[in-house]
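Please examine the sequence and the structure shown below. The paragraphs that follow lead through selected helices, loops and contacts.

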Amino acid sequence: MSQTKILLEEKDIPSQWYNILADLPSPPSPPLHPGTKQPVGPDDLAPIFPIGLIMQEVSPDRWIDIPEEVREIYALWRPTPMYRAKRLEAALGTPARIYYKYEGTSPAGSHKPNTSVPQAYYNKKEGVRRLATETGAGQWGSALSLACNYFGLECTVYMVRVSYEQKPYRRSMIQTWGATVHSSPSDKTNSGRAIREKDPESPGSLGIAISEAIEDAATHDDTKYALGSVLNHVLLHQTVIGQEAKKQMALAGEYPDIIIGCCGGGSNFAGLSFPFLADKFAGKDLRVIAVEPISCPTLTKGKYVYDFGDTGQLTPLIRMYTLGHDFVPPGIHAGGLRYHGDSPLVSQLYHEGLIEAQAYGQLGVFDAAKTFARSEGIIPAPESAHAIKAVIEEAARCKEAREPKVILFNLSGHGLLDLGAYDAYFGGQLMDYAYPEEMVAASLSRVPAVG
Ligand SMILES: *Cc1c(COP(=O)(O)O)cnc(C)c1O
């Protein structure tokens with residue numbers, strides 16, 4: 001019997017994070033101050049982030065040590081397992097060999113604690129008392145609450161209103177780990193109150209909730225802000241996934257031809273793929289595919305320009321693929337993929353043709369999730385199911401061409417707190433949103449002019 005489950009030992013938890021900035025074929029575009037349009041420096045970011053994380057954000061070093069306190073917490077669930085999806089291969093009748101790295105074994109059920117833990121650690125170390133953050137479907141809010149609880153920090157979460165009302169269970173996780181959660185737009189901040197005045201029924205969006213959390217941090221001396229994706233230091237922390245995966249593939253005697261991850265802000269995708277991309281920069285043949293929803297198609301339909309990271313225009317301008325900072329995507333069930341922008345690093349790699357992107361509608365995505373759950377057993381998060389959809393498409397191509405390629409994907413989380421979405425799917429109430437072309441054109445027309 002060939003191996004199904006490929007496990008590592010505690011000593012195999014990486015001792016360093018991999019910083020892809022050191023290996024990029026061309027230099028990154030710096031974030032700009034929205035007023036002066038000059039590059040922002042560490043001083044500009046100090047009111048909202050601790051220095052330890054700011055230094056990582058701009059570090060040119062290829063390897064950055066993981067503090068022992070962080071590795072000890074990682075060890076509560078890392079190394080995460082890798083599986084060969086033999087039953088899925090059989091169900092698809094494909095000659096492809098499919099592997100997945102499963103990040104749903106963390107206490108929060110996703111990859112997000114890989115970064116929430118070091119973020120809480122550096123804040124605690126610098127004397128911060130409280131962290132403020134936003135959350136869409138609640139995955140990041142719960143992951144940060146978990147991490148703040150480990151380090152004895154207070155935590156305030158601004159949760160996008162639709163999710164706050166439709167997904168009460170992640171709200172309960174946030175409360176269980178001792179954090180405070182507000183429905184966003186809230187009456188706690190100027191940015192929240194301004195939106196509520198204009199539109200009392202606003203369903204909220206990630207962009208709005210980010211504005212609220214940043215304002216909270218900027219107006220309280222003992223409070224800093226934490227972001228769950230997009231930024232360089234977040235992607236850096238997630239590279240523990242790909243480093244472990246490389247060892248596991250080697251144990252299986254394989255190297256992937258294709259790597260696939262779903263892409264919201266880009267962190268789980270980057271976490272798995274960046275350590276392998278280092279090999280591609282060195283000449284290795286490798287396809288890497290980021291998968292997003294058709295209703296929020298940042299890479300496949302957005303523009304590569306400077307834009308704000310939030311609706312309230314409080315962040316620096318960052319060069320990324322964007323649908324416009326005030327774009328509010330349709331309420332699909334993959335809440336973690338509803339962000340108007342994308343990580344600058346992932347955006348640059350896509351712009352330079354080093355990675356590919358694919359977009360799928362949610363009905364096809366849930367069909368893929370069902371196929372996966374009925375073969376492998378694990379019920380995937382709706383976000384992760386986007387990756388599965390792309391895997392199934394690639395496996396079908398392998399079948400047609402009779403090519404036994406090796407496909408590796410990131411199963412970024414389980415879907416046990418998204419069963420409401422599965423209910424809607426099985427009840428025939430789930431619909432496919434078309435690409436909201438006019439809304440995107442309108443919000444792109446409001447992107448600030450730079451250069
Ligand atoms: C948040 C989340 C995502 C999307 O965020 P990325 O930063 O793009 O990884 C994907 N999958 C799961 C399970 C999530 O919780």
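Where in α12 does a kink lie, and shortly before which proline? The kink, of about 45 degrees, is at Phe274, shortly before Pro275; the bend at a residue is taken as the angle between axes fitted to the seven residues ending there and the seven starting there. This is a predicted model, in which local features need pLDDT of at least 70 and side-chain atom pairs count only at pLDDT 80 or more, while totals for chains, interfaces and linings use all residues. Residues are numbered from 1 along each chain as its sequence is written, and side-chain values use heavy atoms, with hydrogens and water left out.

Helices (H or I, at least four residues) and strands (E, at least two) are DSSP runs, numbered from the N terminus. Helix α12 comprises 15 residues, 267–281, and its end C-alpha atoms are 20 Å apart. That agrees with the 21 Å that the helix should span at 1.5 Å a residue, because the expected span is 1.5 Å times one less than the number of residues. Twelve of the 15 residues of α12 are buried, so the helix is mostly covered; buried means under 20% relative accessible area, exposed over 50%, and partly exposed in between, with a 1.4 Å probe and protein chains only. Among the buried residues are Ser267 and Asn268, together with Phe274 and Pro275 at the kink. After α12 comes Gly283, with a positive phi near 115 degrees.

Two of these helix residues also belong to the surroundings of the ligand. Which of the 19 residues around the ligand come nearest? They are Lys112, Ser229, Gly264, Ser267 and Asn268, where a residue is near a molecule or strand if one of its heavy atoms lies within 4 Å of it. Polar side-chain atoms approach oxygen atoms of the ligand at 2.6 Å in the case of Lys112 and at 2.5 Å in the case of Ser229. From the backbone, a polar atom of Gly265 is 3.0 Å from an oxygen atom of the ligand. The protein covers 98% of the 380 Å² of accessible area that the ligand has on its own; such areas come from the Shrake-Rupley method with a 1.4 Å probe, and for residues only the protein chains shown count as cover.

Lys112 leads on to Ser110, which is found in the loop between β5 (97–102) and α5 (113–125). A polar atom of the Ser110 side chain lies 3.1 Å from the backbone nitrogen of Lys112. This is a polar contact, meaning a pair of N or O atoms within 3.5 Å; within protein, one must be able to donate a hydrogen and the other to accept it, and residues adjacent in sequence count only if both atoms are side-chain atoms. Ser110 counts as buried because its relative accessibility is 5%. Leaving aside neighbours within four places in sequence, Ser110 is in contact (heavy atoms within 4.5 Å) with Glu103, Gly104, Ser412 and Gly413.

Another buried residue is Asp216, at 5% relative accessibility, in helix α10 (residues 206–218). With which side chains does Asp216 make polar contacts? One is that of Arg130, at 2.6 Å, and another is that of Tyr158, at 2.8 Å. Not counting residues up to four places away in sequence, Asp216 touches Arg130, Ala132, Thr156, Tyr158 and Thr223.

The loop between β12 (303–308) and β13 (317–322) holds Leu314. Leu314 is partly exposed because its relative accessible area is 44%, and its contacts beyond four places in sequence are Ser211, Ile214 and Glu215. Gln313 is placed in the loop between β12 and β13 and is partly exposed at 43% relative accessibility.

Backbone geometry deserves a separate look. Most residues other than glycine have a negative phi, and most peptide bonds are trans. Gln313, however, has a positive phi near 60 degrees. Lys37 likewise has a positive phi of about 60 degrees without being a glycine; Lys37 is found in the loop between β2 (16–18) and α1 (42–45). The peptide bond from Arg78 to Pro79 is cis, with omega near -5 degrees, and Pro79 is found in the loop between α3 (68–74) and β4 (82–84). A cis peptide bond also runs from Ser184 to Pro185, with omega near 5 degrees, and Pro185 has its place in the loop between β8 (180–184) and α9 (190–198).
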